[in-house]
Amino acid sequence: MKTAKISTYAIAFLIILSLNFLLPRMMPGDPLTAICGEEALIEMTPELRTELMHRFALDEPLGKQFFVYLTGIVRGDFGYSYYYNAPVLEVVLEALPWTLLLLGSSLILSTLLSIIMGIESGWRRGRNSDKSLLTATMIMNGFPNFFIGIVLLLLFGVYLGFLPLQGAKTPYSGLSGLNLMLDIARHLVLPLTALTLSQIPSSYLLMRNTMITTLKEPFVLTAKAKGLSEASVRYKHAGRNAILPIVTTTGVRVGIIVTGALFIEMIFSYPGVGLLIYNSLLMRDYPILQGAFFIVTVFVIVANFVVDSLYTKIDPRIGIDGVEHAH
Amino acid sequence: MLEIKGLEVNYGKRRILHGIDLTLKRGESLSIVGESGGGKTTLGLSIMGLVEGTVRGEILFDGKNLALLPEKELRKIRWNRIAMVFQNVENALNPLYTAREQVSEPIVAHKIGNRDEAKKRAEELLNMVNLREERFYAYPHQLSGGEKQRVLIAMALANDPDLIILDEPTTALDALTKAEIISLIRNVCNKRELTILLLTHDLSAASMLSDTMAVLYAGRILEFGSTSALLSNPRHPYTRGLLRCYPSMTTTKDLQGIRGRMEFFDNGCPFYPRCTQSVGICREETPRLEENDGRFIACHRGGIIPLLVVRNMSKSFNSSKAVDSIDLTLYEGETLALVGETGSGKTTTAKIIIGLFEATEGQIFLEGKRILDHGRDKNFYRTVQMVFQNPMESLSHRLSVLESVREPLDIQKLGDRAQRENRVRRILGEVELPSTPTFLNKYPHQLSQGETQRVAIARALILNPKLLIADEPTSALDASTQAKVVKLLLNLQEKRGISMLFITHNLALARKISDRLAVMLRGNIVEEGPSNEIVSNPLHPYTEDLLKAAPTLSSNVPVVHASVPEVISKKNEGTGTGCHYASRCIKGTEVCFNEKPRLRICSSHKVACLNLNLKTENEE
């Protein structure tokens, strides 16, 4: 099944793998600096240098270097951060759960919200409730996500003081169990809201549009004629059909939301991969940057793959061979 | 059960339905026919309460006015009492649910049964509509057009409704599937005593599925009556137009369209711009649907008017009767072909009508007014014109094309010189001739045969007559020229609504050009009726022989004038009192020589044959 699709993903993965290998080696200056980061130079001794040259096979031909790089990845070795003084994988994996929590919940929340808003808005097309929702979303669409983040931070964090200003949990609080989860949730509220708000407009507009088009489809009339309840016509018949394009764009949105998360994590000092990337960028900690990029791209590819597989589940017209059946 | 009174539907400022009145009793079947865009679907949807525009008037269903019912109440009626088989367009079924899911959905939604019961019932219904079992779980995109139509029908029956609205149930289906679907609908509806409202432009489906028929045009009903009567004898010009453009296996006349396009008017007859018999009042006042001879017609002129009526007309030369008390009726916009062998009195009939001969007896009415023998004035010739057999002889050699064609205008003193010339140019264009100065100044001998006949036709048409008598207009032409002239005449008929009395001995040609045929034998009309009927089911032996002798491309030589028992023939020769065909008739009996048959009505024909009784009795 889906051999064509899987091979597409495999090719994308290989390209990322090669870019991640080639880019530092193509940077001007000493490749070792690019691979190990500037922090490494401080402790650099000739012995260490030789050892590192040997470890990355930098004195060997490119092919050999690539092989060493690949075997490293297979072993889970993404390099060593001299800044954190820890293996890259360890550092990234420590940040990753927070990002996954923020991204995942925001992705689900924004998709659900924009679907419901789009369905209701499209159903009430031209009425006041539709118009005001549309206007509000358009205005919000004009603000960059970090701006929304800052406004939320100031309003709820600084002035009202309802919610924590930064971090993912209260440090050294010793909380556990349910209390820990509540604490995490409280920290999550603001970044999640900011990220979700910035994600809603585009999906909402698309949903509203497809809903309006779908409502003109003959099967909606059929459903109404069957005497079904309005909710059934709206969600089961029109909504289900209008969702399809949203699912496609959600896959694409994973990439965009990752960039969004980078800003949001910075503003709320949320200890995820975004903040990690930002800090590493300031420190020129190249190994972390490469490792983080690699893991994030793999994550995006996997997410896309999941969405693609989901699509065949919700639209019977896309066969299990992944080819659309024209009829 | 259903009574619609003064139903009006507006979409914004556009009025789609204008005061529709319809009644449908339980168990009846009514078809609404007409071109697309006439408001058929809107009518169906307004009964379901699903029309998006504003609805005025009453839709009484078992006494309840559906037009005023709140949405919640309507929802209870939908599918439980009134269901609809939607037009099988792309996505009439939801693409995301299987056939069975969609059929069982209304059962669950209306709480008629729980999920399992609904599933069971859906399976029964799908079985009943002959859907193969493995298709029950198929999605719409996996089903063929016919299968989807079956699902749509099963779905409509899910909640056992009383009234079922079928919206174009057979369009987009191939012929075999269509036949299956129609027989399925018929069986199901008979078994369940369903009331049917069929909305379609497919006249054949309507004829098979409905007892009564209403013709809907631009939001108004123009004709209403029993389906068979409307289809065999349309009385409104629009109904006739619909039949003329509908290719069926029994039509013989070339397909003709209806001129112009559908437009919506608030005042006046909606059909008047396209109607060829419209008069001043048609534009100003909307005609009401009035009962007329067993059916309802909305036409200021009472339907298609009889343009020419000939009653009891005879003509004798010395002692021999060339025309023997014939009756003819020619309706507006139709072609009546007068066929028969040479010497049967066809040309004499034509010449009497145009006034070249005087009738010995009988009356002629034109547009209801009696024409007296010497009463043919200029006005008469503005209405009636003739085209003769041999154009070379009927056009004066001494007149140029321009002069020949202009002559009627000169006689009638219509317009000044320039206007007349303009009209000549226009009419030449209509008959597909050039109107260059060179051509205008040509003389008949410089023209080809086809061109000469067109000039003759142009001359006949320049006064815009209502009736054109064409006496063998193409028999002097070769086949390809004949084809062009015939096409030209049919096009002119479509455009101007000219009635034609087309005289020919060529039945193969007559059936292609005429709506009705009258068969003449020795001055008598022996058979008359719709051309397709006469050609497919001739009742008079003479007509049968004419048909046998009509041109075919087969190598078999037709056998006509078959064996007549010589004894009988000899014995009765010369008495002249019996049937004129007796001596040549295979079915002739002794009585045929003694008794003259009279024209009698037999199904849709009129026929004069003594043996007919036997024949029809045997058939019955």
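Q: Let's start small, in this predicted model. Which residue of strand 17 of chain B does Ile364(B) stand opposite?

A: When two strands pair, you can look straight across from a residue on one to its partner on the other. Here, Ile364(B) has Ile371(B), in strand 17 of chain B, opposite it.

Q: And how do strand 16 and strand 17 of chain B pair, in the parallel or the antiparallel sense?

A: To read that, follow the directions of the two strands. Strand 16 of chain B covers residues 361-366, and its pairing with strand 17 of chain B is antiparallel, over 3 bridges.

Q: How many strands form the whole sheet, and in what order?

A: Read a sheet from one side to the other, not along the sequence. In chain B you get an open sheet of 4 strands, ordered 14-13-16-17, with antiparallel pairing. Strand 14 (320-331) and strand 17 (369-371) of chain B each have a single partner strand, so they are the edges, and one side of each has no neighbour in the sheet. Don't expect the strands to line up perfectly, either: on average, neighbouring strands of this sheet are turned by 25° against each other, direction ignored.

Q: Which strands does helix 11 of chain B lie across?

A: For a helix on a sheet, check what it crosses and at what angle. Helix 11 of chain B, residues 346-354, lies across strand 13 (306-317), strand 14 and strand 16 of chain B. Its angle to strand 14 of chain B is about 65°.

Q: Stepping back, which domains does the assignment give for chain B?

A: Domains let you read a chain in pieces. For chain B, the assignment gives domain 1 (2-210), domain 2 (306-522) and domain 3 (552-619). Between the C-alpha centres of domain 1 and domain 2 of chain B there are 51 Å.

Q: What about chain A: how many helices and strands are there?

A: Counting elements is a handy way in. Chain A has 13 helices and 2 strands. Its C-alpha trace spans about 80 × 55 × 40 Å along the principal axes, and 35% of its 327 residues are buried.

Q: How many residues does each chain bring to the contact?

A: Take each side in turn. Chain A brings 20 residues and chain B brings 22. On the side of chain A that touches chain B, helix 10 (218-225) and helix 11 (230-267) of chain A each supply at least two residues. Helix 10 of chain A gives the most to that side, with 6 residues. Sorted by class, this side of chain A has 6 nonpolar, 8 polar and 6 charged residues.

Methods:
Residues are numbered from 1 along each chain as its sequence is written. Chains are lettered from A and ligands numbered from 1 in the order in which they are written. This is a predicted model: local features need pLDDT of at least 70, side-chain atom pairs count only at pLDDT 80 or more; totals for chains, interfaces and linings use all residues. Two strands pair if DSSP finds at least two bridges between them. Axes are lines fitted to C-alpha atoms, for helices over the stretch in contact, and angles run from 0 to 180 degrees between N-to-C directions. Two residues are in contact if their C-beta atoms, placed from the backbone, lie within 7 Å. Domain bounds come from an automatic or database domain assignment. A residue is buried if 20 or more other C-beta atoms lie within 10 Å of its own, exposed if 12 or fewer, and partly exposed in between; C-beta atoms are placed from the backbone. Ala, Val, Leu, Ile, Met, Phe, Trp, Tyr, Cys and Pro count as nonpolar, Asp, Glu, Lys and Arg as charged, and the others, Gly among them, as polar.
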